[in-house]
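I am opening a notebook page on this structure. I will look things up one at a time and write down what I find.

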Amino acid sequence: MRLQIRPLVFVLALLAFPATAIEGQTAAPKRVLIVYENESTLYAAVQVAAGIRQHMEANSSEHIEFYTEYLDTVRFPSPDHASRLVAFLEAKYRQLHLDVVMAGGPGALRFVLENRDRLAKGVPVVFGAVTENSIGDDLPPDVKGIVSRFDLGRTVQLASRLQPRARRVVIMSGSADFDRSWDATARRVLGERYAGLDVEYVSGLSLAGFRSKAAELPSDSVLVILTVFQDAEGTKFVPREAATRIAAASSVPVYSVYSSYFGSHVVAGSVGTFQSIGAQMAALSLDIIKGDLSAPPTTPAREVALVDWREVRRWGIDDLLIPEGAEILNDEPTAWERYRLAIIAALLVIVAQMLTIAALTYQNRRSRKLEATLVSERLELAHLSRRSQLGELSGALAHELTQPLTSILANAEAGQRLATDEAPDIDEMPTTIREGDEL
């Protein structure tokens, strides 16, 4: 009986368990198509993509396949280019079931909505990195997105707050269609005077012209750089690259409405970070994938006053002027603030070592000088000693020579007297001369 039950249980388990396992393995993945208005190197697109992927990976238990397309319609705005893109993408995704289409940027949103029936008919659309003015009045119920203000007015107000002595704000924009639309928006929002500042608009220049203009701005000015996709010479740029080169030449602090410009000499701006916009788009897409379409047509992007602490220090801006609630970038303590005690201790050790080295050097020089003096005195003493010995020897020689010479002289004089006497003693003279010879 036991042998009959075991095979039966095994067969039932074999039939039941693999069915559930195979069902889990064959569950269709969720597919998301992300369409960006610009090229893949645009820093804003990179940040949006990072926010989307990070949020979805952290908050979804389902397997999600990502498909990404870059329209590059800012650099290639012709209708022919758009037509070729539509035909290409239609053929590419015809056989693929998509769950959500995400559009990054106003151009991408227009492209997707205008060609939705050919690219992804009936597929919900989530958009982001667009302003309220760039979307239509009546969106379909399954089209929802994150609306950014790119608030130029608040950015100028922030600049006026951080630089209370400023009297003028200069707004720079390029020559591409997107740049000119920004210039028109800036003129409509700011007019000729805003937040107590005179407003000057600068466009239609080459990149070198923008740099020269920025370098010549008086100290009571602030500079806001919008976008430069193309300059007056027709040279195309990634806006962050152009903004970086202009800001590097600027004689005054630079502000921006784009978070992607930060880290390139931009002081501050009222912005919604592109990474947070991507995260909001991802959250909305996950809700739609789950079947939840209850979100409103548009959701405001989370925006803050963003301030780069390094630039605040570089320009000597009073940190007390930074508004409450501002998000501070690069607010890292300096090496002095972080390692103050260690630096002081190291400096004390270095100073002590320098003093010790100086003292030893002084002592060494003093010892060498003293040694040289002693050697000189020793030589002089030896010289004096030799002179003294020579004097004594000379005296002794003189004494030894004086005695016989004196005797010889005396005998000679005696012999001379004997010889000159009228009656000289001839017998005595030989004796006298012999005594002189013996001496």
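The entries below go through two sheets, some helices, a surface patch and two backbone angles.

**Entry 1: the kind of model.** I note at the start that this is a predicted model.

**Entry 2: the six-stranded sheet.** I asked in which order the six strands of the open sheet lie. I read the order as β2-β1-β3-β4-β5-β12, and the pairing is parallel. I then looked for the edges and found β2 (64-70) and β12 (298-300) there. Each of them has a single partner strand, so one side of each is left without a neighbour in the sheet. From one strand to the next, the twist averages 15°.

**Entry 3: one pair inside that sheet.** I picked strand β3 (residues 100-104) and strand β4 (residues 125-130). They pair in the parallel sense, over four bridges. For G104 I looked up the bridge partner in β4, and found G128.

**Entry 4: helices packed on the sheet.** I looked up helix α2 (residues 43-59), which packs on the sheet and touches β1 (30-36), β2 and β3. The direction of α2 makes about 165° with that of β1. Helix α10 (residues 274-289) also packs on the sheet, touching β1, β2, β3, β4, β5 (143-147) and β12. The direction of α10 makes about 165° with that of β4.

**Entry 5: a residue in α10.** I chose S285, which lies in helix α10. Is S285 buried or exposed? I wrote down buried, because its relative accessibility is 0% and the cut-off for buried is under 20%. Leaving out residues up to four places away in sequence, S285 touches M56, V100, M102 and V126. I checked where these partners sit: M56 falls within helix α2 (residues 43-59), V100 and M102 within strand β3 (residues 100-104), and V126 within strand β4 (residues 125-130).

**Entry 6: the eight-stranded sheet.** I moved on to an open sheet with eight strands, in the order β7-β8-β6-β9-β10-β11-β13-β14. Its pairing is mixed. The edge strands are β7 (193-194) and β14 (327-329), each pairing on one side only. Within this sheet I looked at strand β11 (residues 266-271) and strand β13 (residues 304-308), which run antiparallel and are joined by four bridges. V271 stands opposite V304 in β13. I also found helix α9 (residues 239-249) lying across β6 (168-172), β9 (221-225) and β10 (254-255). Helix α9 runs at about 165° to β9.

**Entry 7: positive phi angles.** I kept in mind that most residues other than glycine have a negative phi. A129 is not a glycine, yet its phi is positive, at about 60°. A129 lies in strand β4 and is buried, with a relative accessible area of 14%. I noted N330 as well, another residue other than glycine, with a positive phi near 55°. N330 lies in the loop between β14 and α12 (335-338). N330 counts as partly exposed because its relative accessibility is 29%, and partly exposed runs between 20% and 50%.

**Entry 8: a nonpolar patch.** Which residues make the nonpolar surface patch of about 580 Å²? I listed L390, L393, L397, L401, L405 and I408. I followed up L393, whose place is in helix α13 (residues 340-420). With 48% relative accessibility, L393 counts as partly exposed.

Conventions. Residues numbered from 1 in each chain as written. Predicted model: local features only at pLDDT ≥ 70, side-chain atom pairs only at ≥ 80, totals over all residues. Heavy atoms only, no water. Patch = residues over 30% accessible without salt bridge, like charges linked within 9 Å, V, L, I, M, F, W, Y side chains within 5 Å. Areas by Shrake-Rupley, 256 points an atom, 1.4 Å probe, with all protein chains shown as cover. Salt bridge = Lys/Arg side-chain N within 4 Å of Asp/Glu carboxyl O. Helix = DSSP H or I, 4+ residues; strand = E, 2+ residues; numbered from the N terminus. Buried < 20%, exposed > 50% of the residue type's maximum accessible area, 1.4 Å probe, protein only. Pairing = 2+ DSSP bridges. Axes fitted to C-alpha atoms, helices over the stretch in contact; angles between N-to-C directions. Contact = heavy atoms within 4.5 Å.
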